[in-house]
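I opened this entry to record what I looked up in the structure below. I begin with one sheet, then turn to the core and the overall dimensions.

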Amino acid sequence: MLTGFRMPIDGACLPTSPNLLPNAPRPYRAGVHEGVDFYDGFACAHIGKGTPVRAAKAGVVVRADHDYRPLTPQELDELLRRSQSQGYTDEQALDRFRGRQVWIDHGGGVVTRYAHLDGVAADLQVGMRVEAGQVIGYVGNTGTPQEVTAPDTEFHLHFEIRVGDSYLGKGLPYDELVAVLRRAFSP
Ligand SMILES: [Zn+2]
């Protein structure tokens, strides 16, 4: 169940920087990173605004944000202030920080999430079955602070493998984390 994923971007490889992997601290929102960040220059492939994002495995679409309300400066301030004063990022704030998203359910409690998307594939609808490799959206920077502060920067794909109510690799030390992720992306 936790193997056989393909890279969500053509030609991409798993980044090695701990900061781009699950469990990395995210001080700006007093939180922890729950996915893998695919950035240009750090993941083997060219990645920029509009780069196609593909389903990592066959499944059923359970979320497709065709309508997305961009962060405003006021909302960003409020979310950051709240996170800092709580000392953690709550679920609502986390959801806003992921921006425009697609989620795919693979069964057995495994769901993949694709975040910060610039757009969602036009024909994608909740309830629809997708095949591995099918284009489901396009790389953007939605939900990042830079969406507000520096709109032409920060284009990357944030990709999560959810397992039950947690995320793959939660709490694992770096070497074990990388092993688990490599296994996930192997046949
Ligand atoms: Zn991320």
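I looked up the strand pairing first and found an open sheet of three strands, ordered β4-β10-β8, with antiparallel pairing. I noted β4 (52-54) and β8 (119-120) at the edges; each has a single partner strand, so one side of each lacks a neighbour in the sheet. I should record here that the model is predicted.

I then examined the pairing of β4 with β10, which is antiparallel and runs over three bridges. Which residue of β10 is the bridge partner of Pro52? I found Tyr138 in that position.

Next I looked up the largest nonpolar core, which has 34 residues. Phe38, Val53, Val102, Tyr114 and Leu157 have the most contacts inside this core. I listed the elements that give two or more residues to the core: β3 (36-39), β5 (59-64), β6 (102-105), β7 (110-115), β10 (135-138), β11 (156-163) and α4 (174-184).

I took Val102 as a case and set aside its neighbours within four places in sequence. Its remaining contacts are Val61, Arg63, Ala64, Tyr114, Leu117, Val120, Leu124, Ile136 and Gly137.

For the whole protein, I counted four helices and twelve strands. I noted that buried residues make up 37% of the 187 residues. Of the contacts with a separation of 6 or more, 70% join residues 24 or more positions apart.

Finally, I checked the dimensions. The C-alpha atoms fill a box of roughly 45 × 40 × 30 Å along the principal axes. The radius of gyration is 15 Å, which agrees with the value near 16 Å for a compact globule with 187 residues.

Key: Residues are numbered from 1 along each chain as its sequence is written. This is a predicted model: local features need pLDDT of at least 70, side-chain atom pairs count only at pLDDT 80 or more; totals for chains, interfaces and linings use all residues. The radius of gyration is taken over C-alpha atoms; the globule rule is 2.2 Å times the number of residues to the power 0.38. A residue is buried if 20 or more other C-beta atoms lie within 10 Å of its own, exposed if 12 or fewer, and partly exposed in between; C-beta atoms are placed from the backbone. Two residues are in contact if their C-beta atoms, placed from the backbone, lie within 7 Å. A nonpolar core is a set of buried Ala, Val, Leu, Ile, Met, Phe, Trp, Tyr and Cys residues joined through C-beta atoms within 7 Å. Two strands pair if DSSP finds at least two bridges between them.
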